Amino acid sequence: MAKVFAYNMPQAAKSQKKERNTTTTSTTTTTTIIEKAAPALLMADLTFAEESLPKGDVRVERKMKKILAAYNYSNLQTNRLHRMAAEWFPIIEPILAAYGIPDDFKYVPLVESGLRGGMSPKGANGFWQFMPGTARNYGLKVNSKTDERKNLRKSTIAACKYIKELYGVFDNWTLAAAAYNVGDTHMKKQINRQNQDNYFKLKLNRETGGYVYKLISMKQIMEYPVRYGYSDSRGVLAMNTDRE
């Protein structure tokens, strides 16, 4: 009903038009920032686990720019992720190193649970968004009384075991990250069906097809926050993580 009355009120109509124009301007500005910030950076310098994006691929570059723009401060409008990083990374980083997992995998929990939190509709939960069965397979207790998926240290150890196993299957960290999202069986099926083992050239479902792009985008706003509209990283990461 509110929408019906709004169309009959000139002032409301002007307000809606102004809001649409503001949204369009914000989106355009965000995209422009990304375009100007790093045309060379996008393809030459953006990596995940020291694995580069394919150079000269217009489709990949367009997709990367789009997802980077989505992670701009004007869209996420929060420094909460930086505060999470300040709290989580000191625990995650040494565990990754101990298991020989690239440091870039520390962004997985931020993408998996930092953006949304809680339990997924499918039942995944915790920092690394483990399904109950997978969590148990890698040593976590999940029952009516205990859910170690919510224990950062224990769930990170479980994640390292799983990721290392995935790398053993695919011999590629980017594919291992994508398989973490969709499962190794599905990933192997798509690689065989498409006769293609480059993640960026595979045709995958929407979530998995954008997963590594999201990890790279998260890495960018953590390492270069000012470029994407956030506060200076040193200032943010030094904040009291208990304070909102």
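**Notebook: buried charges, helix α9 and ring pairs**

I began with a side chain: R149 reaches the backbone oxygen of F130 at 2.8 Å. The model is a predicted one, and I read every distance below in that light.

**Entry 1. R149**

I looked up where R149 sits. R149 is in the loop between α8 (132-137) and α9 (152-170). Is R149 buried or exposed? Its relative accessibility is 3%, so R149 counts as buried, the limit being under 20%.

Next I asked which side chain R149 meets. R149 makes a polar contact of 2.8 Å with the side chain of D147. The pair also passes as a salt bridge, 2.8 Å from N to O. D147 has 22% relative accessibility, so I noted D147 as partly exposed. The arginine of this bridge is buried at 3%.

I also checked a pair of C-alpha atoms. R149 and A124 are 25 residues apart along the chain, and their C-alpha atoms are separated by 9.0 Å.

**Entry 2. K106**

I then turned to a lysine. K106 lies in the loop between α6 (80-98) and α7 (108-114). With a relative accessible area of 8%, K106 is buried.

What does K106 touch, once neighbours within four places in sequence are left aside? I found F89, I92, E93 and L96. With E93 there is a polar contact of 2.7 Å between the side chains.

I looked for a second acidic partner. K106 and D103 meet through their side chains in a salt bridge, 2.8 Å from N to O. D103 is at 36% relative accessibility, so D103 counts as partly exposed. K106, at 8%, is the buried member of that pair.

**Entry 3. Salt bridges**

How many salt bridges does the count give? The count comes to 8. I had already noted two of them: K106 with D103, and R149 with D147.

I added another, K154 with E148, whose side chains meet at 3.0 Å, N to O. K154 is partly exposed, with a relative accessible area of 39%. E148 counts as buried at 11%. I then followed shared partners: E93, D103 and K106 are joined by salt bridges into one network.

**Entry 4. Helix α9**

I tested the length of α9. At 1.5 Å a residue, its 19 residues should span 27 Å. The C-alpha atoms at its ends are 26 Å apart, which agrees.

I looked at both ends. At the N-terminal end, N151 is the cap: a side-chain oxygen of N151 lies 3.1 Å from the backbone nitrogen of R153. Just after α9, D171 takes a positive phi of about 55°.

Which residues of α9 are buried? I listed L152, S155, T156, A158, A159, C160, Y162, I163, L166 and F170. I kept the helix repeat in mind while reading that list. An α-helix has 3.6 residues a turn, so residues three or four places apart point the same way.

I then asked what covers the buried residues of α9. The cover includes α6, α8, α10 (173-182) and α11 (184-194).

**Entry 5. Rings**

I searched the whole structure for aromatic pairs, and the search finds 14. One of them is F105 with W173, edge-to-face, at 5.7 Å centre to centre and 70° between the planes. F105 lies in the loop between α6 and α7 and W173 in helix α10, so the pair ties together parts that are 68 residues apart in sequence. F105 is buried at 1% relative accessibility. W173 also counts as buried, at 12%.

I found W173 in a second pair. Y167 and W173 are stacked: 3.9 Å centre to centre, 15° between the planes. Y167 is at 26% relative accessibility, so Y167 counts as partly exposed.

Which rings form a cluster? Ring pairs link W128, F130, Y138, Y162 and Y180. Two of these names had come up before. F130 offers its backbone oxygen to the side chain of R149, and Y162 is among the buried residues of α9.

My last lookup was a charge over a ring. R227 lies over the face of Y224, 4.4 Å from the ring centre.

Key:
Residues numbered from 1 in each chain as written. Predicted model: local features only at pLDDT ≥ 70, side-chain atom pairs only at ≥ 80, totals over all residues. Heavy atoms only, no water. Helix = DSSP H or I, 4+ residues; strand = E, 2+ residues; numbered from the N terminus. Buried < 20%, exposed > 50% of the residue type's maximum accessible area, 1.4 Å probe, protein only. Polar contact = N/O pair within 3.5 Å; in protein donor to acceptor, adjacent residues only side chain to side chain. Contact = heavy atoms within 4.5 Å. Expected span 1.5 Å × (residues − 1). Salt bridge = Lys/Arg side-chain N within 4 Å of Asp/Glu carboxyl O. Phe/Tyr/Trp six-rings, centres within 6.5 Å; stacked < 30°, edge-to-face > 60°. Lys NZ or Arg CZ within 6 Å of the ring centre and 35° of its normal.
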